[in-house]
Each structure stands twice: as structure tokens, then as C-alpha cells.
Amino acid sequence: METLPDELLCLIFNHLHKIDLFYSFQNLNQRFQRIIVPYLYSIDLTQETISYKHFLIFLQEILPQHGHLIRSFKLDNQRQLKLILPYIHHLTRLQSFTLNIDPPTHHVDECLKKILSINSSLQSLSILNIPQSLENISSFIKQALTSLTLFYQSDLNCCYRTPKIPFIRCLTISITYLNTIAQLSQKLINLEQLNLSIMSNRDLINVPFFEVPNTLLILKLEYRCFNRDSDNINSENLEKILNIFKNINTLILIIFNGYRDLSNYDYFQHLINDFVHLQTFEYYIETQYQPDDRFMNIENHPFPNYTASTLSQSRSQSRIPYECQANFLTLRDFQELLQCTKLDVHLNRYYITFPSSEFHDQVQFNNLNTIIFNAQNGISYPQIMQHLISVINQAPNLHIIDCYGNDLRGIKEFLQTMFLSKTSAKKITHLKLIMDRYSGDYYTEFLNDLSTIFPNLKFLQFPCVEKFISTNPTTLAEVIENLRKSFHKLTHFKLRINSGNDPKQNPFQTYKRCFKKEQNLHKSLFYKVKRETYWPFGYSFHIWL
């Protein structure tokens, strides 16, 4: 490899895991060190692609020596957070930090305080729905931190106790209540740019008018019109929101599923008539109604039917995660199916409420990322299943499947039928199997059969039914080994179990001792036990492989 040019080495290294790359080639010589150092500038642990073994190498071998090289760092879950806390002090030169922990724990505030205390150059902070933390960390925010992102921010009732934060210039936030912005406006007194995504129309009409900081110049508003609301409600909500920000000089308006009036250019311009200081106005509109000719760059698509835009496609892409669940039983029209991110399907009680002719090859269900199946009676509805197969094959971002059923062989046959397309099956990275613990069937080849359907699984939830327990009465070592052999990309395994008093009937404590031994002695996995809120006497083992 010494004779290969730098460009070819970079092409090779791009196919390696960053941790493997750095662990294998660090300190080899000056040339290799120079090439691999940039790979540490940005570390993203939010994709569930890192194994426990790799994570330990990162913590114990890489972070202590090279933590100062990391500029951007993203954490995803409580397991990662708990393990990394003793090493967090090595991240001394961060410019961007993202913490996606839900639900929040006391470790969150501890982590944020440490990061803010030791990183005077931190410029950007992103937090997932943790309102209490804003109050707790406000005194640690330094002057360099100018960008704050709050995802899925439902409410900020504690915000009134938060002192003013003068350094934040840019706020990116997704909200369900406009009152959240009202409270933040009183704290972020020097805010210059607001990237706002409205996740729900709930309670927008009843919020009183409030003042935003005089320093606010730029608003990027993402607004979704909901089919369950009338055009009048959607129109009134949008106009009320815009009226709050009429003193800005730059407006970027992104509208999805636009109501009819938004296809009228005169009405569209009416929305900004009171913006007396407006210098720049850009827009992107998706609507099923044809815009009139005065709009810019009108395009006709299969669904949504039309777009009109002054923005490039990359600039019109939503930066903020969006969630919208629909149920096939209550779908009002095809447009609602196009909007939803999560689709709940009960095949034994499903009926079509929109013309089947709207299913064709050009339709793309771009928002859909999750489908919930009830596989028990699915095979009995071939016409309906064909529609669902079309949805699956034409949903490029679908990667999560929740599947209910009582018979693993039946589930396997159902999933094989639904995912005949290998391209669609390879997209699936998360699979949850939910079964009745008493009637649920189990056979030892199931996991291997499942791996042939979904070869790229990273997360698997499995039910601990009675036949599974009788097959594995004392240990799960063989099951864990089979998982590693069958699913080469699997890093997270969740086993749901009922904790009984009789170990012969349910070896909860036996399995727990098995995992504890693997974690403490062999360090081959990390596990955590959680109580299942909606399952009496139920627990789950969360295993990081």
C-alpha cells in the first residue's frame, strides 16, 4: 500500500468503517497519519451502524489520544451516553454537538454541561426534545455558540425560568405549539435567523399575538397543510403565523400539501403585503392544484401534482424530521397516504377509500419510513396486498417494519410475499416482531430464514415466546452467535420477556446472568433491562452486539 497514490488510498478508506480505519493505520507513518486524520473530524453515532466492539475501541483507544481532532460529534441513545460520559472530557475542540436522547435522563444535563464547559469554540448545538435542559445549561453557554437546534419541541413550560441567552443568533426548531416560540423569543434576545417547522395545527388559532426580537431578519418557515383541516383553517393558521414575523427582511416559505388558495398568485402575494421591510422572498410549494402562470418554475409531477419554486431542490429539502401517522382503515384520500411517514395497516379490517387507479409506477411515497403490519390474515387479501406491495416498492425511504402475528412461519411467508423485491427488502434496517407469548410459535431456523429476506437489518426486536424459552432454557449464547452469523450488519437486538417467579417457566434471571457474564467478562456485548410500560410484568433486554 505504500506505493499507492493518496487518491487511491482515499477511495479504499472510504469503504472502511472510520473506527477500523483509524485503529488500524494510526501512527503507522507520517503519510498515513496525514491521510486518515480528516476522517476523525466528523463522528456520527446516530445511525445504529456501530457495534459494541467498535464503540469500545473508539472509547478506549481512539478518544483518549485523538479526541481533540473531532470537530463534529453526534450521539444517539442512552447506552452510548452512559458509556461515553467518563471519556467526554477528551472532546475539547468541538464546533458542533448533537444529542438525540429520548426520553431524557439525568445524564443528558451532565453531558451538556461538560461539553459546554470544555469547548469554548462550540458553535452549534442540537438537542432532541429536552426542554428542561435549556434552563439547566443556559449558564454554561459561551459566546461562540451561535446556533441552536431543538427537534420535536412540544412545549417549553419551564422556559420562563431560563435566563436570557444573548449569544444565539440562529434557532432551528420543530414545534407543535406556537407558544414555544413566544417563550423562546423572550430568552433569545439577539436572534437573527429562525428556521421554523410547524409539526401540527394544534392550538395555533388560540395563541395570542407576541413580539419577536427586533434583531430577527430571516425566517425560513416549513408549513404542512393537513387534510383533516379545512382550507379556511389552514389559511387562517398560515396568515396568523406570518403576521407575527412581518418585520423581517428575508422570508423563505416552504409549503407542503398546499391548500387551493396557494395556487392563486394574487392570494400568495397577499400573504406578504404587510412585510414592509421585505427584501428577499423565496418559496417552494407542493400542491394538488395547478398554480397560475405567474409562479416561477412550475412543474407537473405524478404526486403531489404540482410544484412551484424559486428554490433549488436541495434548498427545498426539509432539514427537520417530520412525523405524520395514517391508518389504512381511516384514510380519507390518496393525498393523506402521500403525506404520512408512518402507515398502520390491519389487513383483516382494511378497505380501500381511494381509487386504486391512483397506484401506478410513477408515484413516489417519499415521506413514508415506517409500516405497521398485522400479518395474521394478510394472505387472504391478495388485491389489497398488491396495493401494499406497490407502496413498499415505491417508498424509497422506507426502512422500519413493525409486524404483529402469532405464527413465525406465517410471518415469514407474509414478509416474503410483501418483499419479493430484493431492492425493497434491502432497504429495511429495523424490524420489530410482536407476538402473543402463549400462542406464539417458534422454530430454530427462523432467524436464518429472516436474514435471507432482510440481509441489512441493524435492529431486531424479537418476542420471547414459550417455545423459544423451551429451546433456550438456560442460555442465549447460541442465539447471539447465530444472530452475528446470520445478520452481518445487526448491532441491536431487543428481546421482550415476561419476568415470572418460576425460572422453569420463564428464565428471566437466567438470561440476565448470561448477559451480565458476556458484558463483564468477555466484553462482547452491552445489555440493559427495561420495564415495558404497556405490558404487565413485561421486561425487555436491549442488547448491543
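Biologist: What classes of residue make up the lining of the second largest pocket?

Modeller: By class, the lining has four nonpolar, seven polar and four charged residues. This is a predicted model, by the way.

Biologist: What volume does the second largest pocket have, and which lining residues are closest to its centre?

Modeller: The volume is about 300 Å³. Of the 15 residues that line the pocket, the closest to its centre are Ser 51, His 488, Lys 489, Leu 490 and Thr 491.

Biologist: What makes Lys 489 charged and Leu 490 nonpolar in your counting?

Modeller: Lys is on the list of charged residues and Leu is on the nonpolar list. Ser, His and Thr are on neither list, so they count as polar.

Biologist: Let's move on to cavities. What makes a space a cavity rather than a pocket?

Modeller: A 1.4 Å probe fits in a cavity but cannot get out, whereas a pocket is open. The structure holds four cavities of 30 Å³ or more, and the largest has a volume of about 60 Å³.

Biologist: Which residues line the largest cavity?

Modeller: Here's the full list: Leu 171, Ile 181, Leu 184, Ser 185, Leu 188, Leu 191, Leu 194, Val 212, Pro 213, Leu 216 and Phe 245. They divide into 10 nonpolar, one polar and no charged. The largest share of the lining, three residues, comes from helix 8 (residues 179-187).

Biologist: How do you know that helix 8 is largely enclosed by the rest of the structure?

Modeller: Count the buried residues: seven of the nine in helix 8 are buried, so the helix is largely enclosed. The buried ones are Thr 180, Ile 181, Ala 182, Gln 183, Leu 184, Ser 185 and Lys 187.

Biologist: And in the whole protein, what percentage of residues is buried?

Modeller: Buried residues make up 54% of the 545. The protein has 19 helices and 21 strands.

Biologist: Take His 542, in strand 21 (residues 538-544). Why is His 542 called buried or exposed?

Modeller: Its relative accessible area is 11%. Buried means under 20%, so with 11% His 542 is buried.

Biologist: Which residues does His 542 touch, leaving out those up to four places away in sequence?

Modeller: His 542 touches Arg 79, Phe 493, Lys 494, Phe 526, Tyr 527, Lys 528 and Lys 530. There is also a side-chain partner close by in sequence, Ser 540, at 3.0 Å from the side chain of His 542.

Biologist: What makes that pair with Ser 540 a polar contact?

Modeller: The cut-off for a pair of N or O atoms is 3.5 Å. The two side chains are at 3.0 Å, so the pair is within that limit and counts as a polar contact.

Biologist: Over to strand 9 (residues 250-258), where Leu 251 is found. Why is Leu 251 called buried or exposed?

Modeller: Leu 251 has a relative accessible area of 0%. Set that against the 20% cut-off, and Leu 251 is buried. Thr 250, also in strand 9, has 16%, so Thr 250 is buried too.

Biologist: Which residues are in contact with these two, leaving aside neighbours within four places in sequence?

Modeller: Leu 251 touches Leu 219, Leu 242, Ile 272, Phe 275, Leu 278, Thr 280, Phe 281 and Glu 282. Thr 250 is in contact with Leu 217, Ile 218, Leu 219, Leu 278 and Thr 280. Leu 251 and Lys 220 are 31 residues apart in sequence, with their C-alpha atoms 6.0 Å apart in space.

Biologist: What about Asn 27, in the loop between helix 2 (18-25) and helix 3 (30-36)? Why is Asn 27 called exposed or buried?

Modeller: Exposed means over 50%. Asn 27 has 52% relative accessibility, so Asn 27 counts as exposed. Its phi is near 60°, a positive value in a residue other than glycine.

Biologist: Last one: how do you know that helix 13 (residues 382-393) and helix 14 (residues 408-418) pack together, and which residues meet?

Modeller: Their axes are 9 Å apart, at an angle of about 65°. Met 385, Leu 388, Ile 389 and Ile 392 in helix 13 meet Phe 414, Thr 417 and Met 418 in helix 14. By class, that contact has six nonpolar, one polar and no charged residues.

Technical notes:
Residues numbered from 1 in each chain as written. Predicted model: local features only at pLDDT ≥ 70, side-chain atom pairs only at ≥ 80, totals over all residues. Heavy atoms only, no water. Axes fitted to C-alpha atoms, helices over the stretch in contact; angles between N-to-C directions. Helix = DSSP H or I, 4+ residues; strand = E, 2+ residues; numbered from the N terminus. Contact = heavy atoms within 4.5 Å. 1 Å grid on protein atoms, 1.4 Å probe; cavity = no way out; pocket = protein on both sides within 12 Å on 5 of 7 lines; lining within 4 Å. Points joined across faces, edges and corners; volume = space filled by probe spheres on them. Buried < 20%, exposed > 50% of the residue type's maximum accessible area, 1.4 Å probe, protein only. Polar contact = N/O pair within 3.5 Å; in protein donor to acceptor, adjacent residues only side chain to side chain.
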